[in-house]
Amino acid sequence: MFLDITTTALGLAYILLEMKASHWMWIVGIAMQTLGIVLYYDKGLYADCGMEFYYLAMSVYGLWRWKASASHPQEQEGQRSADHDRAIQSIFSSRRHLLMALYGVGVGLLLWALIYWLLVRFTNSTVPLADSFTTALSIVGMWALAHKILEQWFVWIIVDIVTSVLYFHKDIPFKASLYALYVVIAVFGYLSWRRKMQR
């Protein structure tokens, strides 16, 4: 219960910081993911447990990438302004959404099949289909988040809905409630990022 409550509190802080596009979310995420490894292993959610190691690596990468993109001094103001405009377009670009969506769907399906096979073949998971689905989508979503791609919010909305149902089923009520709240916050997060893109 302690791990459930603690990771829930950290998770709420994480997504609120994500909505604001604050680099502090990565630091909170590292703490949350470390505790999540223990929680998910104890509950038999082996794919989710394995995902936490991926999240840890991506959190370090995401923190480095976000900090690096925000700390490049330019010699001239005009160049700074032009580079800033290009950075914003790159960070929040939605013009490539079709190609990236197709790529994401393809990678997600392959990962889903692979993780499902691993769970069925090598673990005693009682929910391999749902566990592998949320894990596969989360891998894609985390990569998109590290690159500040606007459409990553759609991925998380789907993940959050399925995960909420799954965690209620696995008797992790606080985390399940958090993921239900994530769905609402993710909608506002998408709108917030889109406004930043338009500005």
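I began with Trp64 and noted that, at 28% for its partner Tyr61 and 55% relative accessibility for Trp64 itself, Trp64 counts as exposed, while Tyr61 counts as partly exposed. I keep in mind that I am reading a predicted model.

I then looked up where these two residues lie, and found both in helix 3 (residues 46-69), where they are three residues apart and therefore separated by about one helical turn.

Next I turned to a second pair, Tyr167 and Tyr179, whose rings are 5.4 Å apart centre to centre with 90° between the planes, an edge-to-face arrangement. Tyr167 belongs to helix 7 (residues 152-169) and Tyr179 to helix 8 (residues 173-198), so this pair ties together parts that are twelve residues apart in sequence. I also checked whether these residues are buried or exposed, and I wrote down that Tyr167 and Tyr179 are both buried.

I went on to the count of aromatic pairs, which comes to twelve when ring centres within 6.5 Å are taken as paired. Going back to Tyr61 and Trp64, I found their ring centres 6.0 Å apart and their planes at 35°, so I entered this pair as tilted.

I then followed the ring pairs further and saw that they link Trp26, Trp66, Trp153 and Trp193 into a cluster.

Last, I looked for charges over rings. Lys148 lies over the face of Trp66, at 4.0 Å from the ring centre, and Trp66 is one of the residues in the cluster I had just noted. The charged end of Arg121 sits over the ring of Phe122, at 5.1 Å from the centre of that ring.

Technical notes. Residues are numbered from 1 along each chain as its sequence is written. This is a predicted model: local features need pLDDT of at least 70, side-chain atom pairs count only at pLDDT 80 or more; totals for chains, interfaces and linings use all residues. Side-chain values use heavy atoms; hydrogens and water are left out. Rings of Phe, Tyr and Trp (its six-membered ring) pair if their centres lie within 6.5 Å; planes under 30 degrees apart count as stacked, over 60 as edge-to-face and the rest as tilted. Helices (H or I, at least four residues) and strands (E, at least two) are DSSP runs, numbered from the N terminus. Buried means under 20% relative accessible area, exposed over 50%, partly exposed in between (1.4 Å probe, protein chains only). A charge sits over a ring if NZ of Lys or CZ of Arg is within 6 Å of the ring centre and within 35 degrees of the ring normal.
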